[in-house]
Amino acid sequence: MMTRFIASLLLMASLAGCGYTTGSLLPPKYKKIYVDAFKNKIAYVESTDNRLYVPGLETTVRSSIIDRFLFDGNLKVADASNPDLILHGSLVDIAQDDLRQDVNQNVQEYRIRIVVSLAMEDAQTHTLLWREPSFTGETTYFLSGPQSESQSAAIDAALTDLATRVVDRTVENW
């Protein structure tokens, strides 16, 4: 009697599973996405000590997101004529913050943050599916030592982080 009870519990536990899936949570009707051109809305006129200027960053952000959708494979990247989804975006900020200083107040480590505003639209119904007004990708980097890297390499890492988060938000948060 006890062995049947234990066997029943084991069977129910194995059928229940843990709920983990490696697939997308996208509704099946969404197969193609168009990533609209990003607008640069950074107010460079405002004086801030930590804001960076990177020419053409809005184009690089869009390219990084498209590349990540291609790498992910859950959505095909389409042109503007026939997508199921349209991702609209604006570059809101890029900043570099001091994280760590030595005893002489020399900066040893920085954080770079790239902030975008995003809106996902159903292309057929023109319904807003989600909006993220302050979506961030970031990285840290050291100026010296074995983990040192250049500012441009850190910007690339922040772009990769941003693109990964955008794709994850698109395919997993339904």
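Glu132 is partly exposed, at 22% relative accessibility. The cut-off for buried is under 20%, so Glu132 does not count as buried. All of this comes from a predicted model. The partner of Glu132 is Arg169, and the two form a salt bridge. Their closest N and O atoms are 2.8 Å apart. Arg169 counts as buried, at 13% relative accessibility.

Where do Arg169 and Glu132 sit in the chain? Arg169 is in helix α3, and Glu132 is in strand β6. They are 37 residues apart, so the pair links distant parts of the chain.

Arg169 has another neighbour to look at. It lies over the face of Trp130. The distance from the ring centre is 4.3 Å. As for rings meeting rings, a search of the whole structure finds 1 aromatic pair.

**Salt bridges**

How many salt bridges does a search of the whole structure find? The search finds 7. Three of them are set out here.

| Basic residue | Acidic residue | Closest N and O atoms |
|---|---|---|
| Arg169 | Glu132 | 2.8 Å |
| Arg100 | Glu109 | 2.8 Å |
| Arg165 | Asp161 | 2.9 Å |

The bridge between Arg165 and Asp161 lies within one helix. Both residues are in α3, 4 residues apart. That spacing is about one turn of the helix. Arg165 is partly exposed, with a relative accessible area of 39%.

**Glu109 in strand β5**

Glu109 belongs to strand β5. Is Glu109 buried or exposed? It counts as buried, at 7% relative accessibility. Its salt-bridge partner, Arg100, counts as partly exposed, at 46%. The side chain of Glu109 also makes a polar contact with the side chain of Thr140, at 3.5 Å. Leaving aside neighbours within four places in sequence, Glu109 is in contact with Asp97, Asp98, Leu99, Arg100, Thr140, Tyr141 and Phe142.

**Asp122, also in β5**

Asp122 is found in strand β5. At 4% relative accessibility, it counts as buried. A polar atom of the Asp122 side chain lies 3.1 Å from the backbone nitrogen of Thr125. What does Asp122 touch, not counting residues up to four places away in sequence? It touches Lys29, Tyr30, Asp84, Leu85, Thr127 and Leu129.

**The nonpolar core**

Now turn to the nonpolar residues. The largest nonpolar core has 37 residues. Those with the most contacts inside it are Val61, Ile65, Leu87, Ile94 and Ile114. Several helices and strands supply at least two residues each. The helices are α2 (57–72) and α3 (151–172). The strands are β1 (32–35), β4 (85–101), β5 (107–122) and β6 (128–142). Which element gives the most to this core? Helix α3 does, with 9 residues.

Ile65 shows what such contacts look like for one residue. Leaving aside neighbours within four places in sequence, it is in contact with Val35, Phe38, Leu87, Ala163, Val166 and Val167. Among these, Leu87 is itself one of the residues with the most contacts inside the core.

Helix α3 therefore appears in two settings: it gives 9 residues to the core, and it holds Arg169, the salt-bridge partner of Glu132.

Methods: Residues are numbered from 1 along each chain as its sequence is written. This is a predicted model: local features need pLDDT of at least 70, side-chain atom pairs count only at pLDDT 80 or more; totals for chains, interfaces and linings use all residues. Side-chain values use heavy atoms; hydrogens and water are left out. Rings of Phe, Tyr and Trp (its six-membered ring) pair if their centres lie within 6.5 Å; planes under 30 degrees apart count as stacked, over 60 as edge-to-face and the rest as tilted. A charge sits over a ring if NZ of Lys or CZ of Arg is within 6 Å of the ring centre and within 35 degrees of the ring normal. A nonpolar core is a set of buried Ala, Val, Leu, Ile, Met, Phe, Trp, Tyr and Cys residues joined through side-chain atoms within 4.5 Å. Buried means under 20% relative accessible area, exposed over 50%, partly exposed in between (1.4 Å probe, protein chains only). Contact means heavy atoms within 4.5 Å. A salt bridge is a side-chain nitrogen of Lys or Arg within 4 Å of a carboxyl oxygen of Asp or Glu. A polar contact is a pair of N or O atoms within 3.5 Å; within protein, one must be able to donate a hydrogen and the other to accept it, and residues adjacent in sequence count only if both atoms are side-chain atoms.
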